[in-house]
Amino acid sequence: MASTPIIIADTGSPSQIHGVHGGRGVLRWKRFVTGLMMHAAWDSFEHNRLEPGAAVGEHVHSRTEEIYFIIRGRGMMKYNGEHFEVGPGDLIMTPLNGKHAIETIGDETLEFFVVEALPPEIVNALPEYSPSEESEL
């Protein structure tokens, strides 16, 4: 019997995304895991660093809900036309079809985790899937 694979990831060597979702500046993004690696109805778990003056443009997710958890820095979160200042320890939930954006405030990098989850109406429309202990990652 093959052993269950283990994935080890860190926050080093993230991808650089310029102008994500029509925003500005550089987002350093690293996806730790994707839904096909988990039994739960998660789409992904990500680490993000948004440099001073940078912003993720306003956008909508039509198949995932998102949870942002702010680790460091200050930001301005826009959700459905309203603005909220966010900082370390804040958790922001953006439901399916919620229009949202985030930008840095001040001179410090905004660092945050993002969890993308699949709501029941999406999960129920997908074929059943479970990660295999036999698969190689």
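**Notebook: aspartate 43 and the aromatic pairs**

I looked up aspartate 43 and recorded a relative accessibility of 12%, so the residue counts as buried, the cut-off being under 20%. The model I consulted is a predicted one. I located aspartate 43 in strand E3. I then examined its side chain and noted a polar contact of 3.1 Å with the side chain of arginine 63.

I next turned to the aromatic rings. I described each pair by the distance of the centres and the angle of the planes. The count came to two aromatic pairs.

I entered phenylalanine 45 and phenylalanine 113 as a stacked pair, with 5.2 Å from centre to centre and 25 degrees between the planes. I placed phenylalanine 45 in strand E3 (residues 42-50) and phenylalanine 113 in strand E10 (residues 110-117); the pair links distant parts of the chain, 68 residues apart. I checked accessibility as well: phenylalanine 45 has a relative accessible area of 24% and is therefore partly exposed. Phenylalanine 113, at 25% relative accessibility, also counts as partly exposed.

I then entered tyrosine 68 and phenylalanine 112, a stacked aromatic pair with 5.4 Å between the centres and 20 degrees between the planes. Tyrosine 68 lies in strand E5 (residues 65-72) and phenylalanine 112 in strand E10, so I noted a link between distant parts of the chain, 44 residues apart. Are these two rings buried or exposed? I found tyrosine 68 buried, at 4% relative accessibility, and phenylalanine 112 buried, at 2%.

Conventions: Residues numbered from 1 in each chain as written. Predicted model: local features only at pLDDT ≥ 70, side-chain atom pairs only at ≥ 80, totals over all residues. Heavy atoms only, no water. Phe/Tyr/Trp six-rings, centres within 6.5 Å; stacked < 30°, edge-to-face > 60°. Helix = DSSP H or I, 4+ residues; strand = E, 2+ residues; numbered from the N terminus. Buried < 20%, exposed > 50% of the residue type's maximum accessible area, 1.4 Å probe, protein only. Polar contact = N/O pair within 3.5 Å; in protein donor to acceptor, adjacent residues only side chain to side chain.
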